[in-house]
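This briefing covers the sheet, the helices, the nonpolar cores, the salt bridges and the cysteines of one model. Please read it beside the sequence and the coordinates.

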Amino acid sequence: MDGGRDHPLRVTLSELMHLRALPLDRAPLRLRQWVFLVDPDARTAEAAFVSLFAPGQDPTLGRVVVADEDGGWLWERHQEFSTWTWFAHGPLGRDLGFQPQPEASFFWLDGAPGQVFRGVEISVSAPGVAPPTDTDLGRHIDLQHCVSCEAFDGAARIWTDFRLREGGAGRIHVQNLSLANDEVSRLVQTLLEIGNYRKLALIGFPPARELLAWLDGAEARLAAITSGLAAGEDSQAVLDRLLALSAEVELRAARSRFRRGATESYHRLTLDRLEALRERRIAGHSTMSEFIARRLLPAMRTRQAADRRLDDLSLRIARSGDLLRTKLGLAQDRQNQETLRGMDASLQLQTKLQGLVEGLSIFAVGYYVLGLLGYLLKPWLHGWPGLGEHLLSALVPLVLIAVAASLHRRKKRLIDGE
């Protein structure tokens with residue numbers, strides 16, 4: 001098809017279906033894988049380290065494969081971890097492929113950035129080979145406490161005891177009964193992912209236990225704060241304590257948010273891979289699903305219980321904050337009412353004083369007006385003794401009335417905003 005009409009993600013999404021597949025095309029097979037937890041700041045150094053041993057390949061793509069017909073190694077980068085895998089084809093021998101390898105064969109153990117989080121050895125027998133004897137298996141796997149079941153609807157049988165052996169790695173042996181096509185690669189990859197995701201999910205278990213211990217004290221503090229609120233303690237003191245506890249809860253929630261989501265994702269991936277294993281029970285042994293469920297589910301439930309209690313504590317703090325705000329609001333309303341009543345009484349007093357002042361102002365202004373009239377009339381009534389006093393006396397009521405009317409009009413204009 002014309003490349004110009006292709007969607008930009010057409011090829012990428014098609015290749016995505018084949019991404020991460022292991023380059024394992026036949027058995028017998030020996031494989032070792034190490035999981036490294038790598039900090040984001042060390043990713044650049046990791047890519048530089050990988051490029052030293054894989055010239056011509058781009059580590060920034062997240063996958064490097066160096067292999068030939070006899071075997072090879074590959075590196076893959078994931079979100080918070082990386083995997084280094086060594087594999088080789090050839091007869092397993094009586095040691096079932098678990099014979100020690102020189103440390104120099106695995107250069108990444110000495111120089112790769114990050115911390116080794118998991119190691120596992122897997123051997124897959126050639127098809128048609130007789131099952132290993134208990135003596136041969138017992139040298140590498142604890143048969144009394146091992147997990148053994150058929151996988152892929154009876155196409156293979158697996159043995160593992162989930163214990164660390166020489167070199168700090170667990171061991172899994174696969175008896176190839178009738179694996180065909182790419183089933184060797186898919187079975188090995190499923191077994192690797194079950195172990196990796198199971199152990200990655202368990203990273204969240206120790207922090208969950210620590211969080212549960214902290215929650216006991218935090219819930220007791222909240223109960224004391226709520227009791228103080230009900231007992232009528234100083235609202236500001238209660239608010240300060242509540243805010244301090246709320247800040248601690250939010251800090252804990254922020255720190256555990258990534259691990260909380262990652263734990264849930266790894267747990268789901270583990271269950272998905274166990275389902276893809278399509279197990280069949282072997283008498284006298286646990287299946288891998290049973291073994292992992294018996295140990296993983298309690299840890300996941302502890303993690304979930306801690307998360308639920310943290311969420312519940314946050315909600316209870318929010319409700320206590322609402323109660324405290326209501327209390328403070330009612331107290332503020334009462335204070336405002338008292339203030340308004342005081343302002344009303346002050347206003348009434350000011351109104352009375354203003355009326356008194358207005359009355360006095362009428363007499364004061366009238367007095368000055370009559371004084372001025374006296375100065376005006378005396379020259380004209382000089383020849384009429386006593387007439388001026390009588391005339392001024394008669395004008396007193398008229399002057400007071402005129403002054404009162406004038407002040408009233410002026411007051412009305414001020415009120416009306418003129």
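Which residues in H6 are buried? They are Ala-208, Leu-211, Leu-212, Trp-214, Leu-215, Ala-218, Glu-219, Leu-222, Ile-225, Gly-228 and Leu-229. The model is predicted. Its sheet is open and has nine strands, its largest nonpolar core has 42 residues, and a search of the whole structure gives 25 salt bridges and zero disulfides.

**Sheet**

- The strand order is S2-S3-S4-S1-S5-S8-S7-S6-S9, with mixed pairing.
- Strand S2 (63–68) and strand S9 (280–281) are the edges, and each of them pairs on one side only.
- Strand S5 (residues 115–124) runs parallel to strand S8 (residues 170–176), and five bridges join the two.
- Ile-122 has Ile-172 in S8 as its bridge partner. Ile-122 is also among the residues with the most contacts inside the largest nonpolar core.

**Helix H6**

- Helix H6 covers residues 205–230, which makes 26 residues.
- At 1.5 Å a residue, H6 should span 38 Å; the C-alpha atoms at its ends are 37 Å apart, so the two values agree.
- Just after H6, Gly-232 adopts a positive phi of about 85°.

**Nonpolar cores**

- Within the 42-residue core, the residues with the most contacts are Ile-122, Val-174, Leu-187, Val-188, Leu-191, Leu-277 and Met-288.
- Helix H5 supplies the largest share of this core, nine residues.
- A second core, separate from that one, has 19 residues, including Leu-222, Ile-225, Leu-229 and Leu-313. Leu-222, Ile-225 and Leu-229 are also among the buried residues of H6.
- Leaving aside residues up to four places away in sequence, Leu-187 touches Ala-151, Phe-152, Ala-156, Val-174, Leu-179 and Leu-277. Val-174 and Leu-277 also appear among the residues with the most contacts in the largest core.

**Glu-183 in helix H5**

- Glu-183 lies in helix H5, which spans residues 183–201.
- The relative accessible area of Glu-183 is 15%, under the 20% limit, so this residue is buried.
- With residues up to four places away in sequence left out, Glu-183 touches Phe-152, Ala-155, Ser-178 and Arg-278. Phe-152 is also one of the contacts of Leu-187.

**Salt bridges**

- Arg-259 and Glu-80 form a salt bridge in which the closest N and O atoms are 2.7 Å apart. Arg-259 belongs to helix H7 (residues 235–277) and Glu-80 to the loop between strand S3 (71–77) and strand S4 (81–89), so the pair ties together parts 179 residues apart in sequence.
- Both partners of that bridge count as buried: Arg-259 has 14% relative accessibility, and Glu-80 has a relative accessible area of 13%.
- Asp-216 forms a salt bridge with Arg-309, and the closest N and O atoms are 2.8 Å apart. Because Asp-216 lies in helix H6 and Arg-309 in helix H8 (residues 288–380), this pair ties together parts 93 residues apart in sequence.
- Glu-219 also forms a salt bridge with Arg-309, with 2.7 Å between the closest N and O atoms. Glu-219 is in helix H6 and Arg-309 in helix H8, so this pair ties together parts that are 90 residues apart in sequence.
- What is the exposure of the residues in these two bridges? Asp-216 is partly exposed, with a relative accessible area of 45%; Arg-309 is partly exposed at 25% relative accessibility; and Glu-219 is buried at 19%.
- Arg-260, Arg-303, Asp-307 and Asp-311 are linked by salt bridges into a network.

**Cysteines**

- Why is Cys-146 not bonded to the closest cysteine sulfur? That sulfur, in Cys-149, is 9.8 Å from the sulfur of Cys-146, which is too far for a bond; a disulfide requires sulfur atoms within 2.5 Å.
- Cys-149 is likewise in no disulfide, its nearest cysteine sulfur being that of Cys-146.
- Cys-146 is buried, with a relative accessible area of 5%, and Cys-149 counts as buried at 0% relative accessibility.

Definitions and conventions: Residues are numbered from 1 along each chain as its sequence is written. This is a predicted model: local features need pLDDT of at least 70, side-chain atom pairs count only at pLDDT 80 or more; totals for chains, interfaces and linings use all residues. Side-chain values use heavy atoms; hydrogens and water are left out. Two strands pair if DSSP finds at least two bridges between them. Helices (H or I, at least four residues) and strands (E, at least two) are DSSP runs, numbered from the N terminus. Buried means under 20% relative accessible area, exposed over 50%, partly exposed in between (1.4 Å probe, protein chains only). Contact means heavy atoms within 4.5 Å. The expected span of a helix is 1.5 Å times one less than its number of residues. A nonpolar core is a set of buried Ala, Val, Leu, Ile, Met, Phe, Trp, Tyr and Cys residues joined through side-chain atoms within 4.5 Å. A salt bridge is a side-chain nitrogen of Lys or Arg within 4 Å of a carboxyl oxygen of Asp or Glu.
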